[in-house]
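This report describes charge pairing, aromatic contacts, surface patches and backbone geometry in one protein chain. The sequence and structure are shown first.

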Amino acid sequence: MKTKVITVLVVLIVFFQMRAQDEDFNLAGISYTFNPAVSLDSPSNQQLGETEINISEFRAFFLAPFKLKNDKTTLLAGVDYTFLGGPLNDLPNDRSVDANLHALKFSAGINQRLSDNWAVRAIISPTIASDFSGSLRSDAFTLQASGLVRRITNNGIKYGLGAAYTNGFGEPQLVPIGEFVYRSGNWDVLILAPVQAAVQYRLNKLILGFRVDLQGNEYALNLEDTNRNMGQVESVKFSRYNIGPTIATDLSKSVRLQLSGGLSLARKLRATDVNGDTEDYGLENGAFLKASFLLIK
């Protein structure tokens with residue numbers, strides 16, 4: 001089943017990438033992130049102090065724009081799938097949770113040019129985050145959304161302000177967002193605070209950069225094992241910031257291979273049982289290495 005889901009997502013990525021018509025939102029690809037094992041940041045007892053957690057991540061995504069004939073309206077459609085390999089598997093036996101986590105987010109939105117210097121963008125993203133075992137509970141569904149008002153200047157700079165209801169911090173939160181975009185010559189700067197920042201410089205087919213990314217979700221579980229210190233685990237919350245350099249090369253006009261690495265910071269990992277009791281397994285900062293295969297316009 002898992003292989004079929006991944007195959008369908010890759011096909012969708014290729015299909016929508018071929019139909020993309022706007023350079024501002026043309027993002028699609030697959031990636032794998034390797035995180036070497038790290039210890040718990042503040043273990044609650046001596047037994048947990050000897051625990052090291054391994055986390056692996058796979059992601060497939062696209063966000064395809066479709067510009068209408070009026071040249072002022074761009075519709076957005078996308079999907080984002082994340083697989084998180086058993087983040088609680090390495091805990092001691094009385095706390096271990098054998099569950100892989102999946103998040104599937106569908107996005108639809110609009111970017112509307114109001115004038116030569118002003119535009120608005122709104123995106124709504126129904127999200128399912130669960131271990132996908134048994135039937136899905138209602139708390140596996142989250143309706144994420146964002147809205148932004150953007151100012152467009154004549155010197156390659158765009159900036160805007162808005163708000164987002166996002167799972168990026170490991171649970172649904174309403175946060176303000178600020179955007180800054182600058183493209184000039186070989187330089188490309190994108191900041192979407194507080195969730196993303198990237199700087200790139202192109203040297204022919206080689207692209208050097210530095211980026212910061214926030215990613216997280218709250219996952220609903222369907223487990224009925226109470227042979228642990230906690231009761232039945234109902235949800236897992238995970239988030240982190242990845243920060244570090246990137247290097248990429250264009251294999252063709254539409255294919256890019258990118259490697260990145262650095263530090264994974266502020267990693268949160270929490271388990272909540274059916275009684276609302278929460279166990280904090282926050283992780284120490286550690287290294288990460290990410291390989292991405294991207295389809296570009």
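## Salt bridges

The structure holds twelve salt bridges. The model is a predicted one. In general, side chains of opposite charge can pair when their charged atoms come close.

One of these contacts joins the side chains of Glu179 and Arg121, with an N to O distance of 3.2 Å. Glu179 belongs to strand S8 (residues 173-184) and Arg121 to strand S5 (residues 118-130), so the contact ties together parts that are 58 residues apart in sequence. Glu179 is buried because its relative accessibility is 6%, under the 20% limit. Arg121 is likewise classed as buried, at a relative accessible area of 13%. The contact is part of a network of salt bridges that links Arg121, Arg150 and Glu179.

## Salt bridges of partly exposed residues

A salt bridge also connects Asp139 and Arg137, whose closest N and O atoms are 2.8 Å apart. Asp139 has a relative accessibility of 39% and therefore counts as partly exposed. Arg137 is partly exposed as well, with a relative accessible area of 23%.

Arg270 pairs with Asp280, and here the closest N and O atoms are 3.9 Å apart. This pair links distant parts of the chain, with Arg270 in strand S13 (residues 255-273) and Asp280 in strand S14 (residues 278-280), ten residues apart. Arg270 is partly exposed at 26% relative accessibility, and Asp280 is partly exposed at 42%.

## Aromatic pairs

How many aromatic pairs does a search of the whole structure find? The search finds two. In the pair of Trp187 and Tyr201, the ring centres are 4.8 Å apart and the planes stand at 55 degrees, so the arrangement is tilted. The pair links distant parts of the chain: Trp187 is in strand S9 (residues 187-193) and Tyr201 is in strand S10 (residues 196-203), 14 residues apart.

Both partners fall in the partly exposed class, Trp187 with 45% relative accessibility and Tyr201 with a relative accessible area of 28%.

## Surface patches

A nonpolar surface patch of about 390 Å² is made by Leu203, Leu206, Leu208, Ile247 and Leu259. Ile247 is found in strand S12 (residues 233-250). The relative accessible area of Ile247 is 41%, which means that this residue is partly exposed. Ile247 also lies over the 30% limit required of a patch residue, because its value is 41%.

A negative surface patch is formed by Asp41, Glu52, Asp90 and Glu284. Among them, Glu52 is placed in strand S2 (residues 52-67). Glu52 counts as partly exposed at 45% relative accessibility.

## A buried position in strand S12

Is Val233, a residue of strand S12, buried or exposed? Val233 counts as buried, because its relative accessibility is 1%. The C-alpha atoms of Val233 and Arg95 are separated by 9.6 Å, while the two residues are 138 residues apart along the chain.

## Backbone geometry

Most residues other than glycine have a negative phi, and most peptide bonds are trans. Several positions in this model depart from that pattern, and they are described here in turn.

The peptide bond from Ala193 to Pro194 is cis, with omega near 10 degrees. Pro194 is located in the loop between S9 and S10. These are the strands that contain Trp187 and Tyr201, respectively.

Asn204 is not a glycine, yet its phi is positive, at about 60 degrees. Asn204 lies in the loop between S10 and strand S11 (206-220). With a relative accessible area of 69%, Asn204 is exposed. Ala266, also not a glycine, has a positive phi of about 50 degrees. In contrast to the loop position of Asn204, Ala266 is placed in strand S13. Ala266 is partly exposed, with a relative accessible area of 44%.

Note on methods: Residues numbered from 1 in each chain as written. Predicted model: local features only at pLDDT ≥ 70, side-chain atom pairs only at ≥ 80, totals over all residues. Heavy atoms only, no water. Patch = residues over 30% accessible without salt bridge, like charges linked within 9 Å, V, L, I, M, F, W, Y side chains within 5 Å. Areas by Shrake-Rupley, 256 points an atom, 1.4 Å probe, with all protein chains shown as cover. Salt bridge = Lys/Arg side-chain N within 4 Å of Asp/Glu carboxyl O. Helix = DSSP H or I, 4+ residues; strand = E, 2+ residues; numbered from the N terminus. Buried < 20%, exposed > 50% of the residue type's maximum accessible area, 1.4 Å probe, protein only. Lys, Arg positive; Asp, Glu negative; His and termini not counted. Charge placed at Lys NZ, Arg CZ, Asp CG, Glu CD. Phe/Tyr/Trp six-rings, centres within 6.5 Å; stacked < 30°, edge-to-face > 60°.
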